[in-house]
Each structure stands twice: as structure tokens, then as C-alpha cells.
Amino acid sequence: FNTLETIRMRSLLKGENETADIIGELALLFRNSMDWRSEYISIQEEINFVEKYINIQKYRFGDKLKYYQYIMESCREYKVPKLAIGTFIENAFIHGIETSEKDGVISLNITRNKEFLFIEISDNGKGFPSYKLEEIKKMLKHADNQMLFEAKSTGMLNAFLRLKMFCEGNVVFEIDSELENGTDIMIQIPLLYVTNEE
């Protein structure tokens, strides 16, 4: 963090304001991701993290990237595991947008009804072939902590397991993807787990 702050200050002194701003976003992103004093944060705090990440990616991709989000106001103070949303946004970049030649679009929608919180993440990126999608679904169906030591890519698995523990197993997680046509993820959590009410 201190190293990034030093680079940011040097950028400001040179008049490189856009670079300084992005380095500032990156420094805060690192600081927030390393701070595990609380494992659960509000959706608003998680969105702040996501927006910093998006800003960094927009600096990299420019007009090739579009990001849309809708968060129902009544959902913003609900608690979720830290990085539970951010991890899936990051995956959308790494496995979807980065490897696609077309302009990237990522959308995040967070809504609720009387019983459930819904988190939906979509991208129009590379997507997965059907066999890979089935592998992912099978992995998540049988997911346990031991898999974290064996899997090549643990981001999605880690986030899913933390959501599962958070909800005592009562989380619905659906993923759909098609090669060259992007990926859609839907997470459904009973409201009793995300509110501050006992």
C-alpha cells in the first residue's frame, strides 16, 4: 500500500492525474482485500470494492468495456461474505472479457422479494464449452474445503464455499454459459441470513 502511495504521489507531481487516480484505486483495493477484521460486510461496501475494480479495468480496456449495475436500495445494508460478489465480477473479466475480441459488457443486479436476496452477474465474454460448464456444475455440487487444495482455479470455489457456510447450506447457485456467448450466474440467499435481525 505504501509503495503504491509513493508511486501515486510521484504521478501527481508529474501531472499524470489519471494514472495517479487509478493507482489510488488500486491501493485502496489492495488495502480492502487484505483487511479481514470482518468476514461479513454490507452489500454497499462490497459494491464500493467492485466499483474500484471496474474503474481499474476501464483504465485498461477503455471504451471496449461497459459495466451496468442495479442495486435495489433496500438491499444495500444487507450483509454478505466479503468478496462474495467481487470474486464473480473478477472471474467475468479473467475468464470472459480478457479472452474475447468483442467489446465487453458486464452487468450486476441485486434485488429481493419477501423471502430471498438475488444476486445476478452476467457477461458477454468468451463463455465455457458445454463440457467445461458441466465440470464446474459438478465441482460446485460436490464442493468441500478439501477441493481448495486440489483445484487449479479456486476463486469461484472459494466464494461459493463461503456463501454456503454463511447460509448454512441454504444458498441456490446457478451458472449458465455458452461458448462465445458469455456467462450468467444467479445466487439466491434467504433474507434471514443477510439481515441484521436475529
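**Exercise 1. The surroundings of Lys64**

Is Lys64 buried, exposed or partly exposed, and at what relative accessibility? Work this out, then find the salt-bridge partner of Lys64 and say where the two residues lie.

*Solution.* Keep in mind from the start that this is a predicted model.

Step 1. Recall the cut-offs: buried means under 20% relative accessible area, exposed means over 50%, and partly exposed is in between.

Step 2. Lys64 has a relative accessibility of 34%, so Lys64 counts as partly exposed.

Step 3. Now look for the partner. The side chain of Lys64 meets that of Asp103 in a salt bridge, at 3.6 Å from N to O.

Step 4. Place both residues on the chain. Lys64 sits in the loop between α3 (43–61) and β2 (65–71), while Asp103 sits in the loop between α4 and β4, so the salt bridge ties together parts that are 39 residues apart in sequence.

Step 5. Check the partner too: with 44% relative accessibility, Asp103 counts as partly exposed.

**Exercise 2. Two further salt bridges**

Find how many salt bridges the structure has, then describe the pair Glu73 and Arg76 and the pair Lys132 and Glu135.

*Solution.*

Step 1. The count comes to four salt bridges.

Step 2. Take Glu73 and Arg76. Their side chains meet at 3.0 Å, N to O. Glu73 is exposed, because its relative accessibility is 59%. Arg76 has a relative accessible area of 19%, so Arg76 is buried.

Step 3. Turn to Lys132 and Glu135, whose closest N and O atoms are 3.9 Å apart. Both residues belong to helix α5 (residues 130–141), where they are three residues apart, about one turn of the helix.

Step 4. Why does such a spacing suit a pair? An α-helix has 3.6 residues a turn, so residues three or four places apart point the same way.

Step 5. Finish with accessibility. Lys132 is partly exposed at 33%, and Glu135 is partly exposed at 44%.

**Exercise 3. Following the strands**

Start at β4 and trace the strand pairings through β5 and β7 to β6.

*Solution.*

Step 1. β4 (residues 104–112) pairs with β5 in the antiparallel sense, over seven bridges. A hairpin of three residues joins these strands, and Arg112 stands opposite Leu117 in β5.

Step 2. Move on from β5 to β7. This pairing is antiparallel as well, with eight bridges. Phe118 has Gln188 in β7 as its bridge partner, and Asp123 has Thr183.

Step 3. From β7, continue to β6 (residues 172–177). Six bridges join these antiparallel strands, and Ser177 stands opposite Thr183 in β7. Thr183 is thus named in bridges with both Asp123 and Ser177.

Step 4. Look at the turn. The hairpin of β6 and β7 has five residues between the strands, and there Glu180 takes a positive phi near 70°.

Step 5. Ask how covered β7 is: seven of its eight residues are buried.

**Exercise 4. The cavity**

Describe the cavity of the structure: its volume, its lining residues and the elements that supply them.

*Solution.*

Step 1. There is one cavity of 30 Å³ or more. The largest cavity has a volume of about 110 Å³.

Step 2. Its lining consists of 14 residues, and Asn91, Ala92, Asp123, Thr183 and Ile185 lie nearest the centre. Two of these names are familiar: Asp123 and Thr183 are the bridge partners met in Exercise 3.

Step 3. Three elements supply at least two lining residues each: α4 (86–97), β5 (116–123) and β7 (183–190). The most come from α4, which gives five.

Step 4. Sort the lining by character: seven residues are nonpolar, six are polar and one is charged.

**Exercise 5. Helix α7**

Compare the span of helix α7 with the expected span, then list its buried residues.

*Solution.*

Step 1. Helix α7 (residues 155–166) has twelve residues. At 1.5 Å a residue, a span of 16 Å is expected.

Step 2. From first C-alpha to last, α7 reaches 17 Å, close to that expected value.

Step 3. The buried residues of α7 are Met156, Leu157, Ala159, Phe160, Leu161, Arg162, Leu163 and Phe166.

Step 4. Look just past the helix: α7 is followed by Glu168, which has a positive phi near 55°.

Key
Residues numbered from 1 in each chain as written. Predicted model: local features only at pLDDT ≥ 70, side-chain atom pairs only at ≥ 80, totals over all residues. Heavy atoms only, no water. 1 Å grid on protein atoms, 1.4 Å probe; cavity = no way out; pocket = protein on both sides within 12 Å on 5 of 7 lines; lining within 4 Å. Points joined across faces, edges and corners; volume = space filled by probe spheres on them. Helix = DSSP H or I, 4+ residues; strand = E, 2+ residues; numbered from the N terminus. Nonpolar A, V, L, I, M, F, W, Y, C, P; charged D, E, K, R; others polar. Pairing = 2+ DSSP bridges. Buried < 20%, exposed > 50% of the residue type's maximum accessible area, 1.4 Å probe, protein only. Expected span 1.5 Å × (residues − 1).
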